[in-house]
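Work through the exercises below with the sequence and the model in view. Each task is followed by a solution in steps.

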Amino acid sequence: MPQLTRRTLLASAAVLAGDAALAQGAPPAPPASSAPPVRAKGPLVWLDLDQKELDDAYDQSVYAPNLRQITGRYATNSEAVRARIGAPKRLAYGATPIEGLDLYASKTPNAPVQVFIHGGAWRGGLAKDYATPAEMFVEAGAHFAVLDFNNVIETQGDLMPMARQVRSAVAWVYKNAASFGGDPNRVYVSGHSSGGHLAGVVLTTDWGKDFGLPRDTVKGVVCACGMFELKPVRLSKRGECVKFTDEMERALSAQRHLDQIDAAVTLVYGTLETPEFQRQSRDFAAALTAAGKPVRLVVAQGYNHFEVNETLASPYGFFGRAVLEQMKLRPV
């Protein structure tokens with residue numbers, strides 16, 4: 001009879017455990033050769049990207065696995081802010097019900113105004129879910145106005161009505177600032193994602209021609225994670241919901257209208273964003289610099305698209321600090 005040792009007992013137990021696992025249907029370890037096959041690259045559609053790569057580069061869910069967690073916090077954190085500082089005033093800037101803004105008013109007399117344009121891939125989003133930064137702004141001595149406007153589903157794929165609405169809203173704020181204790185000579189604009197694109201549209205507005213206002217109606221704009229050249233966006237799967245035309249692409253690509261820009265510009269993007277969203281900000285900054293326009297580029301190291309937006313609520317966050325510095329306000 002063979003001698004039992006601790007080594008043979010452990011070996012027998014391992015064999016029995018393995019047999020039990022197989023009896024329960026546990027799959028054997030996959031062979032090394034079972035790794036997913038490398039996808040064959042297709043024809044180039046934009047720069048060095050094929051169609052799938054371009055589609056992914058304009059699909060935030062591919063690069064931000066925590067998308068739902070963060071966007072869920074937008075709403076719950078907004079409710080918490082309203083519980084602390086009170087409900088906003090609802091002010092109409094246009095004739096239709098959606099053409100309104102939520103104003104979180106500062107107690108500071110003749111305070112500057114920060115107008116925020118929310119994102120949502122042009123397809124969604126409401127002002128009420130973007131109240132989180134309001135507390136920081138009102139405590140720093142500024143009014144915080146969040147715009148509502150139609151989404152691209154409601155406009156049958158046309159971005160032009162959205163552009164008209166946000167421009168009209170900013171013009172309304174300038175004309176009516178004194179009525180709510182704001183300083184019309186200190187109107188600033190910021191936006192994130194598709195709202196960053198629309199902030200770029202505001203940046204290139206001909207205020208004199210379109211609204212009879214001073215050329216410097218807006219003193220500064222911070223575009224976070226925006227799009228400033230629509231050609232690649234048009235080529236991506238976003239073209240399925242946005243019915244791009246040549247005129248829309250031309251008119252709403254801020255990078256093609258550098259001559260219209262007089263306001264100070266700050267661009268913010270995260271290093272964990274899609275490669276195209278990173279490139280859009282870098283290229284726009286380079287174009288502004290080459291044109292002799294004032295621009296600052298802020299790179300949020302280790303942040304994805306939606307995490308960048310959350311930093312607007314902090315005076316020490318990448319987005320929040322950039323806006324306060326542009327407005328020459330001190331954090332509280």
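## Exercise 1: Two residues with positive phi

Q156 has a relative accessible area of 64%, so it counts as exposed. The model is a predicted one.

Task: For Q156 and S193, state the phi angle, the place in the chain, and whether each residue is buried or exposed.

Solution.
Step 1. Phi of Q156 is near 60°, which is a positive value in a residue other than glycine.
Step 2. Q156 sits in the loop between β6 (143-147) and α6.
Step 3. With 64% relative accessible area, Q156 lies over the 50% cut-off for exposed residues.
Step 4. S193 is likewise a residue other than glycine with a positive phi, here near 65°.
Step 5. The loop between β7 (182-192) and α7 holds S193.
Step 6. The relative accessibility of S193 is 5%, and therefore S193 is buried.

## Exercise 2: The helix after S193

Task: Determine how many residues of helix α7 are buried, and list them.

Solution.
Step 1. Helix α7 spans residues 194-203.
Step 2. The helix is mostly covered, with 10 of its 10 residues buried.
Step 3. The buried residues are S194, G195, G196, H197, L198, A199, G200, V201, V202 and L203.
Step 4. Two of these, V202 and L203, also appear in the lining of the largest cavity.

## Exercise 3: The cavity

Task: Count the cavities of 30 Å³ or more, then describe the lining of the largest cavity.

Solution.
Step 1. The count gives one cavity of 30 Å³ or more.
Step 2. The largest cavity holds about 80 Å³ of space.
Step 3. Its lining consists of V202, L203, T205, W207, R215, D216, V218, V221, Q260, D262 and A263.
Step 4. By class, six of the lining residues are nonpolar, two are polar and three are charged.

## Exercise 4: A buried threonine in a strand

Task: Place T266 in the secondary structure, decide whether T266 is buried or exposed, and name its contacts beyond four places in sequence.

Solution.
Step 1. T266 belongs to strand β9, which covers residues 264-270.
Step 2. T266 is buried because its relative accessible area is 5%, under the 20% cut-off.
Step 3. Apart from neighbours within four places in sequence, T266 is in contact with V221, V222, C223, R296, V298, A322 and Q326.
Step 4. V221, one of these contacts, is also one of the residues that line the largest cavity.

## Exercise 5: Q60 and the largest pocket

Task: Describe the surroundings of Q60 and the pocket that Q60 helps to line.

Solution.
Step 1. Q60 is in helix α3.
Step 2. Its relative accessibility is 8%, so Q60 counts as buried.
Step 3. Leaving out neighbours within four places in sequence, the contacts of Q60 are L67, R238, T274, F277, H305 and F306.
Step 4. Q60 and F277 are 217 residues apart along the chain, yet 9.4 Å separates their C-alpha atoms.
Step 5. The largest pocket has a volume of about 580 Å³. Among its 25 lining residues, Q60, L67, G120, A121 and R123 are the closest to its centre.
Step 6. At least two lining residues come from each of α3 (60-63), α4 (67-85) and α12 (305-310). The largest share, four residues, is from α4.
Step 7. The lining has eight nonpolar, 11 polar and six charged residues.

## Exercise 6: The second largest pocket

Task: Give the volume and the lining of the second largest pocket.

Solution.
Step 1. The volume of the second largest pocket is about 250 Å³.
Step 2. Of its 13 lining residues, R167, T204, D210, A251 and L252 lie nearest the centre.
Step 3. Helices α6 (160-176) and α10 (246-251) each supply at least two residues of the lining, and α6 gives the largest share, four residues.
Step 4. Four of the lining residues are nonpolar, four are polar and five are charged.

## Exercise 7: The chain as a whole

Task: Summarise the chain and say where pLDDT stays under 50.

Solution.
Step 1. The chain has 13 helices and 10 strands, and 50% of its 332 residues are buried.
Step 2. Of the contacts between residues at least 6 apart in sequence, 74% join residues at least 24 apart.
Step 3. About 15700 Å² of the chain is exposed, and carbon and sulfur atoms supply 57% of this area.
Step 4. The mean pLDDT is 92, with 89% of residues at 70 or more.
Step 5. Residues 1-27 are where pLDDT stays under 50, and the model has two contacts beyond four places in sequence for them.

Methods: Residues numbered from 1 in each chain as written. Predicted model: local features only at pLDDT ≥ 70, side-chain atom pairs only at ≥ 80, totals over all residues. Heavy atoms only, no water. 1 Å grid on protein atoms, 1.4 Å probe; cavity = no way out; pocket = protein on both sides within 12 Å on 5 of 7 lines; lining within 4 Å. Points joined across faces, edges and corners; volume = space filled by probe spheres on them. Nonpolar A, V, L, I, M, F, W, Y, C, P; charged D, E, K, R; others polar. Buried < 20%, exposed > 50% of the residue type's maximum accessible area, 1.4 Å probe, protein only. Contact = heavy atoms within 4.5 Å. Areas by Shrake-Rupley, 256 points an atom, 1.4 Å probe, with all protein chains shown as cover. pLDDT = per-residue confidence, 0-100.
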